There are 2 protein chains.
Amino acid sequence: MVLCYHNNTFGPVEECRLPVTDLIIQRGVGVFESIRTYDKHTFAMGPHLDRLAESARLSGIAADKILSQLPDIINEGLRHPDAPEGDMLIKPFVTGGLINNRGHFPAPDFFVIFEEMHPIAPETIKNGITLQPSYLERPFPLIKTTSYLTGLIPMRDAPSNVYETLYCCGGEITESLRSSFYLCIDGKLITAPVGKVLRGVTREIILTLASENGFQIEERCPHMDELPNAQEAFISGSAKEVLSVVKVGTQKIGLGRPGPVAKHIHKLFLSNISRWLDK
Amino acid sequence: MVLCYHNNTFGPVEECRLPVTDLIIQRGVGVFESIRTYDKHTFAMGPHLDRLAESARLSGIAADKILSQLPDIINEGLRHPDAPEGDMLIKPFVTGGLINNRGHFPAPDFFVIFEEMHPIAPETIKNGITLQPSYLERPFPLIKTTSYLTGLIPMRDAPSNVYETLYCCGGEITESLRSSFYLCIDGKLITAPVGKVLRGVTREIILTLASENGFQIEERCPHMDELPNAQEAFISGSAKEVLSVVKVGTQKIGLGRPGPVAKHIHKLFLSNISRWLDK
């Protein structure tokens, strides 16, 4: 079952409810994280909780007390008899709560979802994915807010094979709906700098590993005009790890199939998981 | 008490809860309206529900069935023994529900809040208000979404006398956090066109009344550079009706006190309420 922690209690997620007066419902004031596990160990929980703290701070949510409790709650949930058996996605949400004092939210609520991790389908990994360009922007790139409309609305009219939205306001590629984006040109990895995009936890690990392994990295926004010259593109994220992008809109990337760089980076990632695994 | 309708039942708002899996919580997918009453009659309910339908449609929420029930529910709530006694704000919310099919939300939920209407403080009306300019934009201006972070975050560092945020991305003034905005220059009313801003229900009434009464109207975005030349500015909304703006950031408007145009428009509004009152 999907387990949820709320109000000092673990229970089935279906029974976990928030008052309609919470500002996460009334005003979209809410931040969250997705932390995955490998073999009952959380992966990079520290950086995820640091980012949650930053998201809360930038949103005006006074979350210090909540944040200090989260590691214990997550570790308890991980070992809870009703938690999913295999690998999990653990999602702590911090809400605006009931009080809005001029954009300050002094009384937040929180809950943590423990759900089964659904692995990416083998065909998706084998064939690579298509992204749908959107000329909208994500407001507050450093905040992992629950407000996803800017990325969800462009999905509606996208062809059915599209995996997710790619933000490229003014032609400048930043990130995709739930992932960091990388373009590979002439052996270089090009990816948008933090601030233009969310501080991706998997992104930072990939940049560390790539740089340790001799890749040249350019932290700048790739431009849509560069897509025809790229050999490869890929996205990264906690659940998907590394996934090849073979098309952006109608523009084929490289040969239109997953290439060696993304595969190599994914292999590096998989063989270094233990470095970021919490034990 | 604050009354709430949800799941076929009226009850105290404190008891009304949504599952944390609803996409209004998970992904910020939710739209709403604020309809006010005068003497137990709703004001312009039709245009409000039309706009709610448009907000839902543009957000991908399949709300037709919900929308068809709302007039009866609102009228029942209005006369409910537990409803507030005086004038009310009635707020129907439509949520994304539990299913996200590529930006389509086929199974929405909804609730309706009936709360006491708090009139604007007499000093606020007498002295006028200050707005805080923000160079952010509201994504999807035609959708009255619950995502308010773009307007709430700039409030945090604003001086304590600031009433709300004024959106003026690139110097182009669109609307304020919860209101339509008007600039008065040389007898003309200048206000942003629908599409750049939400279709304000009070805005459309004011433009009708102003035009019937010989005001010249320009539907274009006023520019920040025009503020020093303006004689007056005001905002409008369902709850506040018409409210003079005497300062934007540090820029005084006109003489820095409420002027005759806003007062005249407000008077016109008050004396024509019966035309839009639902009987």
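**Entry 1: a pair in helix H2 of chain B**

I started with Glu54(B), which counts as partly exposed at 31% relative accessibility. In this predicted model, I found its side chain meeting that of Arg57(B) in a salt bridge, 3.4 Å from N to O. Arg57(B) is exposed, with a relative accessible area of 52%. I then checked where the two sit: both belong to helix H2 (residues 45–59) of chain B, 3 residues apart, about one turn of the helix.

**Entry 2: confidence**

Before going further I looked up the scores. Chain A has a mean pLDDT of 97, and 100% of its residues reach 70 or more. The model's ipTM is 0.97 and its pTM is 0.97.

**Entry 3: salt bridges within chain A**

Searching the whole structure, I got 28 salt bridges over all chains. I picked out Arg36(A), which pairs with Glu241(A), their closest N and O atoms being 3.6 Å apart. Arg36(A) is in strand E5 (residues 35–38) and Glu241(A) in strand E16 (residues 241–248) of chain A, so this salt bridge ties together parts that are 205 residues apart in sequence. Are these two residues buried or exposed? Arg36(A) is buried, with a relative accessible area of 6%, and Glu241(A) also counts as buried, at 10%.

Next I took Glu218(A) and Lys188(A), whose side chains meet in a salt bridge of 2.9 Å, N to O. This pair links distant parts of the chain, with Glu218(A) in strand E14 (residues 216–219) and Lys188(A) in strand E13 (residues 188–191) of chain A, 30 residues apart. I noted Glu218(A) as partly exposed at 22% relative accessible area, and Lys188(A) as partly exposed at 23%. Following the contacts onward, I found Lys188(A) and Glu218(A) linked with Arg220(A) and Glu226(A) in a network of salt bridges.

**Entry 4: Arg138(A)**

Where does Arg138(A) sit? I traced it to the loop between strand E9 (129–134) and helix H5 (149–152) of chain A. Its relative accessible area is 17%, and because the cut-off for buried is under 20%, Arg138(A) is buried. What does its side chain reach? I found the backbone oxygen of Pro141(A) at 2.5 Å, and the backbone oxygen of Ile143(A) lies 3.1 Å from a polar atom of the Arg138(A) side chain. Leaving aside neighbours within four places in sequence, I listed the contacts of Arg138(A) as Ile143(A), Thr150(A), Tyr167(A), Glu175(A) and Leu198(A).

**Entry 5: where the chains meet**

I turned to the contact between the chains, which takes 46 residues from chain A and 46 residues from chain B. The area buried between them is about 4000 Å², with carbon and sulfur atoms giving 62% of it. In chain A, I see Arg27(A), Arg102(A) and Arg156(A) losing the most area to chain B, together 20% of what that side buries.

How many salt bridges cross between chain A and chain B? The count is 0, while 19 residue pairs are in polar contact between the two chains. On the chain A side, the elements giving two or more residues are strand E3 (17–19), helix H1 (23–26), helix H2 (45–59), strand E8 (110–116) and H5.

**Entry 6: symmetry**

Last, I laid chain A on chain B: a turn of 180 degrees and a shift of 0.0 Å along the axis give an RMSD of 0.0 Å. That is the relation of a two-fold axis. I also compared the two sides: 100% of the interface residues of chain A are interface residues in chain B too, so the copies meet through the same surface.

Key:
Residues are numbered from 1 along each chain as its sequence is written. Chains are lettered from A and ligands numbered from 1 in the order in which they are written. This is a predicted model: local features need pLDDT of at least 70, side-chain atom pairs count only at pLDDT 80 or more; totals for chains, interfaces and linings use all residues. Side-chain values use heavy atoms; hydrogens and water are left out. Copies are superposed by least squares on the C-alpha atoms of residues with pLDDT of at least 70 in both. Contact means heavy atoms within 4.5 Å. pLDDT is the predictor's confidence in each residue, from 0 to 100. Helices (H or I, at least four residues) and strands (E, at least two) are DSSP runs, numbered from the N terminus. Buried means under 20% relative accessible area, exposed over 50%, partly exposed in between (1.4 Å probe, protein chains only). A polar contact is a pair of N or O atoms within 3.5 Å; within protein, one must be able to donate a hydrogen and the other to accept it, and residues adjacent in sequence count only if both atoms are side-chain atoms. Buried area is the accessible area (1.4 Å probe) that two parts lose on being put together, summed over both. A salt bridge is a side-chain nitrogen of Lys or Arg within 4 Å of a carboxyl oxygen of Asp or Glu.
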